[in-house]
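User: Please take a close look at one part of this model. After that, set the part in the context of the rest of the structure.

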Amino acid sequence: MSPDDKTDGLHLEEISIALSGRMLLSLNAIVRTGEILTVMGPSGSGKSALLAFLGGFLDPAFTAGGRLSIDGIDLTGMPAQKRGAGMLFQDPLLFPHLSVGGNLLFGLSADIRQKDERRRLALQALEDVDLSGFFDRDPATLSGGQRARVALQRMMLSAPRYLLLDEPFSKLDADLRQQIRALVFDRAKSAGLPVVLVTHDEADAEAAGGTIVTIGGRQDR
Amino acid sequence: MRSRRNDGGMKRRVLPGLILALISLPLLAGLAGTIGPAFGYLPALGGNRLTIAPFERLAAQPHLLQSALVGLATGLVTTGVSLALVALFTAAYAGTRMFSRVQHLVSPLLAVPHAAAAFGLAFLIAPSGLAMRLVSPELTGYLSPPDWLVPGDTFGLSMMAGLIVKEIPFLFLVTLAALPQTELAQARRLATSLGYGRVRGFLIATWPLVYRQIRLPVFAVLAYAGSVVDVAMILGPDLPAPLAVRIAGWMADPDLQMRFLASAAALLQLGLTLAAMLVWRAIEIAGALLLRRMSISGLRCADDRLIRGMACAAMGVSALLVILGLVVLLVWSFAGLWPFPALSPQVLTLKAWMRVLPQIAVPLATTMALAGISAVIALMLAIGLLWRTDLRSTGLLQSMLYLPLVVPQLSFLFGLQILSLTLGFGTSFPLLLFVHLIFVLPYVVLSLSDPWHAFDRRFETIAAGFGKSPWQTLLHIRLPMLMRACLTAFAVGFAVSAGLYLPTLLIGAGRIVTITTEAVALSSGGDRRTIGVYALLQTIIPFAGFAIASLMPQLLFRHRRAMRI
């Protein structure tokens, strides 16, 4: 990767999102590779709408303007499945009809064709988060922390270009939260991915260590 | 960019447009095919000029007014009573544990075909039926069945009862689907804190919100009950029979000239249904006024145990009538000699089954093929429709889906049959399949739409983030996760098709017969053992569909705990 100051990272230029004529937010930001942009704001401020816009699945009820690009490639208007946005939500959202391994293989980029190689990568991904032997398990039988780790690995296997995190730690209890947070941030940094994190939690913002943007002072009534 | 978005918009509109056409064109064509002959225009039979002669002939039919009035009254009474019972029961118990337990009873009751439920009721309440045997001769002194006109009473009361017990589960199910869109728990707490009784509080605060959502199904019940043929043949009055039964008779008359009369009568039936809807509209307005007065009077009716008890009892009796009816059918199908006052048959025998089963293979296969194919096509169309449009935001489409249920079947099916004969299609399986599809599709969409909208869209978002196309996401994520809902929708469609009487009779024209048309044909003069076998088989078919729908996920996902709930 050749760091070119002009284009390197995720560029959010003049992003504005409105709902039925009411402006929710406007934002200008550059998230460099390995950096985390933390977006904070009260509920109803449009944080989730921002993530939806960045991921390419904003509800048509919203109107959005501005330009989104990564490493110089324009993403604005590109369909969600072509963007390469890895996402984590409050819930791990493992597909309940697939095994743990099935979930990972579903996430794994289609660029890797060979069946043996795909399986090897999935097994390796499990081993990396101390879940060796979980390949054939039913996701419903996993603990909260285990599920969060599978969700993280599933996302990383999809070879994303950037990450969108929607309060991914808020449902974990305190101990686990710290541990999973460190793991996620660590993986994102070592993979050199720009990250946009939406959160309520000051501790998340602190641990992220990047720029913090607060949006939408007005409470939605 | 812009052009691609427009393409997407076009694509989004193609499928709903197709489905709209699929439903509305046959309906309009059918209506036209009825209106023409009603005014004497049917070139194939030598009718080339417009005349009102068919209506004059219709007016000259004996007891026409009485036939028409019985039909009208049946529609209004059935709708009124079943809706009132559902409303009161829901008012009394929605949100309680008992209520959530009762919910599981609804689908099986809904799956019982109208004709089978009607036969069951007939076997219960007939002078020689189980009810009379229970109290004879001890209480009544009867040693032979009394000479009462039940079922078949002049005012159509037994027919109304038969319809009410079948429409209650339907209206209850649509009410259940509407409840989550109301703030039930909050409204209950508020009403209670103000000192209102459960029933009154619910009727004032929540019922208007529920009713607004179930209005179309209510009108569907009104149209169906007012023009029903199979239940009326089994339980309704004779001489004169309700108008719909007489129309079906005229339509099937070997004298082709009768088709003019039948078409005129079908238009009269359409007019009667419209009249019933106008009356119902007046009832709606009166009901709204009454509710408003209830809400401003300040009366609390805090102690409503009596009315709650009555609502519960009425619902219980209605379910019991269907279940007991099926039990009686079962017993009769195995009964040997069973003289009148005896409560049970003297011997049990397989004779009736052995006799009927060989004759029934072809109708059974036809029923399964029609039901299976129409339900599969309807399921695929429903998935496409829900995938491509947000049904909730397109009220028009939703109303259009209900159209075949709100327009009386008689008024357009006959026209459709005449049209297809005129165009040279004749009686064919594909045509019959297509007509079944028109009636099956609305129910399948209705059944699938709630689980479809309840699906957590974040799963799809994640999949899109992995680079999966909408198609891949649909096939690998949404449909497998909605497997149970899809199978249930299939089973609903299967049951609807298997129970269709009039469309099968008219479009099949006696050459394509199903178990339902065969069973109803036995209503005049068939012996009870044979009827028992037919009606039971007719019930088993939809139940098998539901059983498969609930067992298959257990089997497919036996290693996936979260998929088995």
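In which loop of chain B does B:Cys301 lie?

Analyst: The model is predicted. B:Cys301 is found in the loop between α13 (258-297) and α14 (305-333) of chain B. Its backbone has a positive phi, near 45°, in a residue other than glycine. Most residues other than glycine have a negative phi. B:Cys301 has 16 other C-beta atoms within 10 Å; 20 or more would make a residue buried and 12 or fewer exposed, so B:Cys301 counts as partly exposed.

Chain A offers a parallel case in A:Ala159, also a residue other than glycine with a positive phi, here near 50°. A:Ala159 sits in the loop between α5 (144-157) and β7 of chain A. This residue is partly exposed because it has 18 C-beta neighbours inside 10 Å.

Chain B also holds cis peptide bonds. One runs from B:Ser136 to B:Pro137, with omega near -5°, and another joins B:Val150 and B:Pro151, with omega about -10°. B:Pro137 belongs to the loop between α6 (130-135) and α7 (157-178) of chain B, and B:Pro151 is likewise placed in the loop between α6 and α7 of chain B. Most peptide bonds are trans.

On a wider scale, the domain assignment divides chain B into domain 1 (14-51 + 356-565) and domain 2 (54-349). Their centres, taken over C-alpha atoms, are 23 Å apart. The contact draws 43 residues from domain 1 of chain B and 42 residues from domain 2 of chain B. Elements giving two or more residues to the domain 1 side include α1 (2-38), α21 (483-499) and α24 (528-556) of chain B. With 12 residues, α24(B) gives the most to that side. By residue type, the domain 1 side comprises 28 nonpolar, 12 polar and 3 charged residues.

Chain B also touches chain A, in a contact of 22 residues from chain A and 21 residues from chain B. On the chain A side, α2 (80-83), β6 (85-88) and α3 (100-107) each supply at least two residues. The largest share, 3 residues, comes from β6(A). The chain A side divides into 12 nonpolar, 9 polar and 1 charged.

Chain A itself has 7 helices and 9 strands. Its radius of gyration is 18 Å, close to the 17 Å that the globule rule gives for 221 residues, so chain A is as compact as a globular protein of that length. Of those 221 residues, 43% count as buried.

The loop of A:Ala159 ends at β7 of chain A, and that strand (residues 162-166) pairs with β8(A) in the parallel sense over 4 bridges. A:Asp166 stands opposite A:Val198 in β8(A). Together with helix α6 (residues 174-190) of chain A, these strands make a right-handed β-α-β unit. Strand β3 (residues 36-40) of chain A also pairs with β8(A) in the parallel sense, over 5 bridges, and A:Ile36 has A:Val195 as its bridge partner there.

Strand β8 (residues 195-199) of chain A is mostly covered, with 5 of its 5 residues buried. In a regular strand the side chains alternate between the two faces of the sheet. In β8(A), A:Val195, A:Leu197 and A:Thr199 are buried on one side, and A:Val196 and A:Val198 are buried on the other.

Conventions. Residues numbered from 1 in each chain as written. Chains lettered and ligands numbered in written order. Predicted model: local features only at pLDDT ≥ 70, side-chain atom pairs only at ≥ 80, totals over all residues. Rg over C-alpha atoms; globule rule 2.2 N^0.38 Å. Domains from an automatic or database assignment. Contact = placed C-beta atoms within 7 Å. Nonpolar A, V, L, I, M, F, W, Y, C, P; charged D, E, K, R; others polar. Pairing = 2+ DSSP bridges. Right-handed = clockwise from strand over helix to strand, strands pointing away.
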